[in-house]
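User: I have a single model to go through and would like short, reasoned answers. Please begin with the term for accessibility.

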Amino acid sequence: MIKSELIKRISSQNPHLYDRDIEKVINAILDEMVEALRRGDRVELRGFGAFSAKLRKAHQGRNPRTGAAVSVAKKAIPYFKTGKEMRARLNRETVPSD
């Protein structure tokens, strides 16, 4: 699912809300999550999961085409760990309908 599909789904469930307002709310949530990760905070959504940023050190890499050494700068990588409730809902057995 992409962001525009999420907006359409929320809009269909809440016809009294405008699409542009839903998009503003979603963008605000995502922006706040990114800012929290930038500060080094952890973002936890109970029942869904937790986002955190893992720092990778600067190191020497290789260009796969030429084999030349390339320096890779340090960077933050987003990391997501699912919550127990989400894992349980994803792995729930479906009851066959007769």
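Analyst: A residue counts as buried under 20% relative accessible area, as exposed over 50%, and as partly exposed in between. The model discussed here is predicted.

User: Is E35 buried, exposed or partly exposed?
Analyst: The relative accessible area of E35 is 34%. Buried needs a value under 20% and exposed a value over 50%. E35 is therefore partly exposed.

User: Which residue does E35 meet in a salt bridge?
Analyst: Side chains of opposite charge can pair when their charged atoms come close. E35 lies in helix α2 (residues 19–38), with its partner three residues apart from it, so that about one helical turn separates the two. The partner is exposed, at 64% relative accessible area. The N to O distance is 2.9 Å, and the residue is R38.

User: How far apart are the closest N and O atoms of D41 and R39?
Analyst: D41 is partly exposed at 35% relative accessibility, while R39 is exposed at 55%. A salt bridge requires a side-chain nitrogen of Lys or Arg within 4 Å of a carboxyl oxygen of Asp or Glu. D41 and R39 form such a bridge, with their closest N and O atoms apart by 3.2 Å.

User: Which residues are joined with E44 into one network of salt bridges?
Analyst: E44 is partly exposed, with 39% relative accessibility, and R46 is exposed, with a relative accessible area of 76%. These two form a salt bridge, the closest N and O atoms being 3.1 Å apart. Salt bridges that share partners then build the network, in which E44 is joined with R42 and R46.

User: How many salt bridges does the structure hold?
Analyst: E35 with R38 is one of them, and D41 with R39 is another. R46 with E44 also belongs to the set. The total for the structure is four.

User: Is S52 buried or exposed?
Analyst: S52 is part of strand β2 (residues 49–56). Beyond neighbours within four places in sequence, S52 has contacts with L37, R42, I77, P78 and Y79. Its relative accessible area is 19%, and the cut-off is under 20%. S52 is buried.

User: Which residues are in contact with N63, leaving aside neighbours within four places in sequence?
Analyst: N63 sits in the loop between β3 (59–62) and β4 (69–72). At 28% relative accessibility, N63 is partly exposed. Its contacts, with those neighbours left aside, are A68 and V70.

User: What pattern of helices and strands does the protein chain follow?
Analyst: The protein chain has three helices and five strands. Read along the sequence, the pattern is α-α-β-β-β-β-β-α.

User: What is the radius of gyration of the protein chain, and how does the globule rule compare?
Analyst: For 98 residues the globule rule gives 13 Å, and the chain is well over that, so the chain is more spread out than a compact globule. Along the principal axes, the C-alpha atoms fill a box of roughly 60 × 40 × 30 Å. The radius of gyration is 20 Å.

User: What share of the residues of the protein chain counts as buried?
Analyst: The protein chain exposes about 8,800 Å², with 54% supplied by carbon and sulfur atoms. S52 is one of the buried residues. Of the 98 residues, the buried share is 14%.

User: How far apart are the mean positions of the positive and negative charges?
Analyst: The protein chain carries 21 positive and 12 negative charges. Their mean positions are apart by 11 Å.

Notes:
Residues are numbered from 1 along each chain as its sequence is written. This is a predicted model: local features need pLDDT of at least 70, side-chain atom pairs count only at pLDDT 80 or more; totals for chains, interfaces and linings use all residues. Side-chain values use heavy atoms; hydrogens and water are left out. Helices (H or I, at least four residues) and strands (E, at least two) are DSSP runs, numbered from the N terminus. The radius of gyration is taken over C-alpha atoms; the globule rule is 2.2 Å times the number of residues to the power 0.38. Buried means under 20% relative accessible area, exposed over 50%, partly exposed in between (1.4 Å probe, protein chains only). Accessible areas come from the Shrake-Rupley method with a 1.4 Å probe; for residues, only the protein chains shown count as cover. Lys and Arg count as positive and Asp and Glu as negative; His and the chain ends are not counted. The place of a charge is taken as NZ of Lys, CZ of Arg, CG of Asp or CD of Glu. Contact means heavy atoms within 4.5 Å.
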